Amino acid sequence: FYEGTGWFSRTFTVPSDWRGRRVALRFEGVNYHASVWLNGESVGTHDDGFLPFEFAVQDLLQWNEENLLVVRVDNLSREGEVPGVKVGWRNEGGILREVRLIATDPVHVSHLSTTAEPTAEGGALTLRAEIANERPAPATVLLKARVMRNDETLASFESGTARCAAGESVELSLEGTVPDAVPWTPARPELYSLHAELWGDGRPVDARTVRIGFRCIEVRDA
């Protein structure tokens with residue numbers, strides 16, 4: 001039932017062979033207001049308790065030396081925020097989920113969203129990815145995806161190619177059917193691994209893996 005401020009700190013080292021890559025500090029969930037500093041420099045803030053967020057930090061890192069990460073979090077209720085009244089879940093303050101340091105190519109996936117619904121044939125999957133190009137030159141990008149159950153590949157998909165200008169973003173999408181996918185239910189919460197791989201100028205440059213379930217919630221007859 002504590003309501004107030006908490007401080008977190010951690011030291012870490014980064015190998016020098018990460019130079020030239022985009023390095024992101026990614027938080028999967030911090031409740032509720034977060035302020036982040038790296039090596040004494042303000043990185044940014046975030047005001048949502050349950051959505052992931054990240055900051056590009058490659059310009060603030062000290063290679064092969066100790067880096068200091070500091071996070072200030074408070075779960076104080078403010079006017080206009082959800083839930084707006086004092087209930088139990090709001091006061092679960094602090095760092096709720098994983099914190100990661102992720103190195104990728106400057107051409108990278110900045111956002112990934114999926115829709116997975118059961119069908120008579122198995123499951124219908126739609127994948128959309130926002131691709132950002134932080135290189136000084138344009139890049140040709142392509143998205144590939146596989147749906148896995150344990151080590152078995154159930155379906156593979158591939159988007160068309162797109163030209164992404166330097167400093168710009170493009171959206172890539174793909175869709176298809178996953179044969180024999182089992183619908184997610186509370187009695188049988190079947191989950192699958194979706195491996196998405198981004199290719200830039202003919203080589204893999206970034207990858208994401210997320211867990212998905214084929215499910216649909218709808219209202220019928222009022």
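Q: How many of the six residues of strand E2 are buried in this predicted model?
A: Strand E2 covers residues 22-27. The model is a predicted one. Because of how its residues are placed, E2 is largely enclosed by the rest of the structure. The number of buried residues in E2 is six of the six.

Q: Which residues of E2 point the opposite way from Arg 22, Ala 24 and Arg 26?
A: The residues of E2 point in two directions, and all are buried. Arg 22, Ala 24 and Arg 26 point one way. The residues that point the other way are Val 23, Leu 25 and Phe 27.

Q: What is the order of the strands in the open sheet of three strands?
A: The pairing in this sheet is antiparallel. Strand E6 (53-56) and strand E9 (99-104) are the edge strands, as each pairs on one side only. The twist averages 25° from one strand to the next. The order is therefore E6-E2-E9.

Q: How many bridges join E2 to E9?
A: Strands of a sheet pair through backbone hydrogen bonds, either parallel or antiparallel. E2 and E9 run antiparallel. One position to look at is Val 23, which stands opposite Ala 103 in E9. The number of bridges that join E2 to E9 is six.

Q: Which residue of E6 is the bridge partner of Leu 25?
A: Leu 25 belongs to the residues of E2 that point the same way as Val 23 and Phe 27. In E9, the partner of Leu 25 is Leu 101. On the E6 side, four bridges join E2 to E6, and these strands run antiparallel. The bridge partner of Leu 25 in E6 is Phe 55.

Q: How many aromatic pairs does the structure hold, and what is the angle between the planes of Trp 7 and Trp 37?
A: The structure holds four aromatic pairs. Trp 7 and Trp 37 form one that is stacked, with 5.8 Å from centre to centre. Planes count as stacked because they lie under 30 degrees apart. The angle between the planes of Trp 7 and Trp 37 is 25°.

Q: How many residues apart in sequence are the parts that the pair of Trp 7 and Trp 37 ties together?
A: Trp 7 lies in strand E1 (residues 5-13), whereas Trp 37 lies in strand E4 (residues 33-38). Trp 7 is exposed, at a relative accessible area of 55%, and Trp 37 is partly exposed, at 26%. Because the two residues sit in these two strands, the pair ties together parts whose separation in sequence is 30 residues.

Q: Which residue joins Phe 53 and Phe 55 in one aromatic cluster?
A: Phe 53 and Phe 55 form an edge-to-face pair, with 5.7 Å centre to centre and 70° between the planes. Both Phe 53 and Phe 55 are buried. The residue that forms one cluster with them is Phe 27.

Q: What is the volume of the largest cavity?
A: The count comes to one cavity of 30 Å³ or more. The lining includes Arg 22 and Ala 24, together with Glu 54, Ile 102 and Asp 206. E2, E9, strand E10 (107-119) and strand E17 (203-212) each supply at least two residues of this lining. The volume of the largest cavity is about 60 Å³.

Q: How many charged residues are in the lining of the largest cavity?
A: Among the lining residues are Glu 54, Asp 206 and Arg 208. These count as charged because Asp, Glu, Lys and Arg make up that class. The lining also has three nonpolar and two polar residues. The number of charged residues is four.

Q: What is the volume of the largest pocket?
A: The largest pocket is lined by 16 residues, and Arg 26, Glu 28, Arg 208, Thr 209 and Val 210 lie nearest its centre. By class, the lining has five nonpolar, five polar and six charged residues. E9, E10 and E17 each supply at least two residues. The volume of the largest pocket is about 580 Å³.

Q: How much space lies in the second largest pocket?
A: The residues that line this pocket include Lys 144, Phe 157, His 195 and Ala 207. Strand E12 (139-149), strand E13 (152-158), strand E16 (192-200) and E17 each supply at least two residues of the lining. The lining divides into four nonpolar, three polar and four charged residues. The space in the second largest pocket is about 150 Å³.

Terms used: Residues are numbered from 1 along each chain as its sequence is written. This is a predicted model: local features need pLDDT of at least 70, side-chain atom pairs count only at pLDDT 80 or more; totals for chains, interfaces and linings use all residues. Side-chain values use heavy atoms; hydrogens and water are left out. Two strands pair if DSSP finds at least two bridges between them. Axes are lines fitted to C-alpha atoms, for helices over the stretch in contact, and angles run from 0 to 180 degrees between N-to-C directions. On a 1 Å grid over the protein atoms alone, a cavity is a set of points where a 1.4 Å probe fits but cannot get out, and a pocket is an open set with protein on both sides within 12 Å along at least five of seven lines; lining residues have an atom within 4 Å of a point. Grid points are joined across faces, edges and corners, and a volume is the space filled by probe spheres set on the points. Rings of Phe, Tyr and Trp (its six-membered ring) pair if their centres lie within 6.5 Å; planes under 30 degrees apart count as stacked, over 60 as edge-to-face and the rest as tilted. Buried means under 20% relative accessible area, exposed over 50%, partly exposed in between (1.4 Å probe, protein chains only).
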